[in-house]
Amino acid sequence: MHNDPSLNDPSAPHDPSASDGVRVSDGLRVSGDLSADLAEAARILSTATDVTLLAHVNPDADALGSALALGLVLHRRGAVVRVSFGAPAEVPETLRDLDVAGLLVPASAVPAAPPVLVALDTGSVGRLGPLADRVSTAGVVVVLDHHVSNPGFGHVNVVDDRAEATALVVLRLLDVLGVELDEPVARCVYAGLVTDTRSFRHASATTHEVAARLLAAGVDAEAVARPLMDSHPFGYLGMLAKVLGRARLERDAAGGLGFVHAVVTLEDAAGLRPEEVESVVDLVRTTAEAEVAAVLKELRPSSWSVSLRAVSAVDVREVAQLLGGGGHRLAAGFTASGEADEVLASLRAALETVTAPSER
Ligand SMILES: [Mn+2]
């Protein structure tokens, strides 16, 4: 599926008249008015009796935390709720504890035509992976996201690219719904927030106030953050020794700002969780001589998922988009096929394009 060109298809046009049982107001698809979009999303969800919430493939704490926070609230209000994601088959171990009500179901249990579908933290239809087709079969699609590149593929799109996490968009929606925060819901929101802000380093004053509100609701910050960000099996150290030992620094690349990269092969990752592989980029990115960091993660022979990070100057979302992916300005990614050297060559070229003076 990672070679499927539709993976990065910006959107499938949506016919609002196709909605089944839920009336969707006209003209809201790309209204761009956050308050109006939030109100419309709240209206749909407050009357829905069957809601399917989807995170992006390889879900992180923001995607699943957002889905589970909203899912838990709707479940308590009596709706039939399921939370899922297209791939992989397993729920990331570090995120399982967030699902206090048993809302997570395998992708195979997602209805062929869900009455109400909510896509969370998913910047494009393709990021739903094998569940992407549900966007065209669902009665109504609500998109809750913070990716600037989101084309607005739902009937209702609450996309706030200034929100540091989708979890914040969800919290605003919960406020519109009049939900009183308690610990299980606040914990899901906090999990998305602490990870997407890199422990609140990329968080506004207002977002710190939101964090305070979540703590006041009973969240144990260390208990949530440590398993997500600071805990790995011992085998992680051996994997890091191999992978980081092969990392390369190219000082002249990325328009002279420096580019560091590492490769995690299937052999390197054997016996370890996705969490260990995903965290490698957080070490590679600490290289002081490089503005841009990349980690190539082998999915299958000759198939790669690539994580990109920048310190401040380079927009790696632009780089990722040139290569068929997406993301945020300082954190983005794409998938690619071929040998690692070939992927690196196209990445180098894309970096030069984005950092060329004429592009600035
Ligand atoms: Mn996010």
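These numbered points describe the fold, domains, cores and selected secondary-structure elements of a predicted model.

1. Overall form. Twelve helices and eleven strands make up the secondary structure of the chain. The radius of gyration is 20 Å, close to the 21 Å that the globule rule gives for 360 residues, so the chain is as compact as a globular protein of that length. Along the principal axes, the C-alpha atoms fill a box of roughly 55 × 40 × 40 Å.

2. Burial and contact range. Of the 360 residues in the chain, 48% are buried. When contacts between residues at least 6 apart in sequence are considered, 68% of them join residues at least 24 apart.

3. Domains. The domain assignment splits the chain into domain 1 (5-229) and domain 2 (235-359). The centres of the two domains, taken over C-alpha atoms, are separated by 27 Å. Contact between the domains involves ten residues of domain 1 and ten residues of domain 2. On the side of domain 1 that touches domain 2, the residues divide into seven polar, two nonpolar and one charged.

4. Nonpolar cores. The largest nonpolar core has 71 residues, and Leu54, Ala69, Val118 and Val189 are the ones that touch the most other members. Helix α2 (residues 61-76) gives the most to this core, namely ten residues. Another core lies apart from it and has 37 residues, including Ala253, Val292, Ala332 and Leu351.

5. Surroundings of Leu54. Which residues does Leu54 touch, not counting residues up to four places away in sequence? They are Ser84, Phe85, Leu117, Val118, Ala119, Leu120, Thr122, Leu128 and Leu131. Leu54 and Val118, in contact here, are both among the residues of the largest core that touch the most other members.

6. Helix α4. Eight of the eleven residues of helix α4 (residues 166-176) are buried, so this helix is largely enclosed by the rest of the structure. The buried residues of α4 are Thr166, Ala167, Leu168, Val169, Val170, Leu171, Arg172 and Leu173; Arg172 and Thr166 are therefore to be counted with the enclosed part of a helix that is largely enclosed. Gly178 follows α4 and has a positive phi, near 75°.

7. Strands β4 and β5. Strand β4 (residues 140-145) and β5 run parallel and are joined by four bridges. One of the pairings is between Asp145 and its bridge partner in β5, Val159. In a regular strand the side chains alternate between the two faces of the sheet. In strand β5 (residues 156-159), Val156 and Val158 point one way, while Asn157 and Val159 point the other way. All of these β5 residues are buried.

8. Strand β11 and its partners. Strand β11 (residues 331-337) is mostly covered, with five of its seven residues buried. Strand β9 (residues 303-310) runs antiparallel to β11 and is joined to it by seven bridges. Strand β10 (residues 326-327) is also antiparallel to β11, and two bridges join the pair. β10 and β11 form a hairpin, with three residues between them.

9. Gly333 in β11. Which residue of β11 is the bridge partner of Ser307? It is Gly333. Gly333 is also the bridge partner of Gly326. Gly333 thus has a bridge to Ser307 and a bridge to Gly326.

How values were computed: Residues numbered from 1 in each chain as written. Predicted model: local features only at pLDDT ≥ 70, side-chain atom pairs only at ≥ 80, totals over all residues. Domains from an automatic or database assignment. Contact = placed C-beta atoms within 7 Å. Nonpolar A, V, L, I, M, F, W, Y, C, P; charged D, E, K, R; others polar. Buried ≥ 20, exposed ≤ 12 C-beta atoms within 10 Å, placed from the backbone. Pairing = 2+ DSSP bridges. Core = buried A, V, L, I, M, F, W, Y, C linked by C-beta atoms within 7 Å. Rg over C-alpha atoms; globule rule 2.2 N^0.38 Å.
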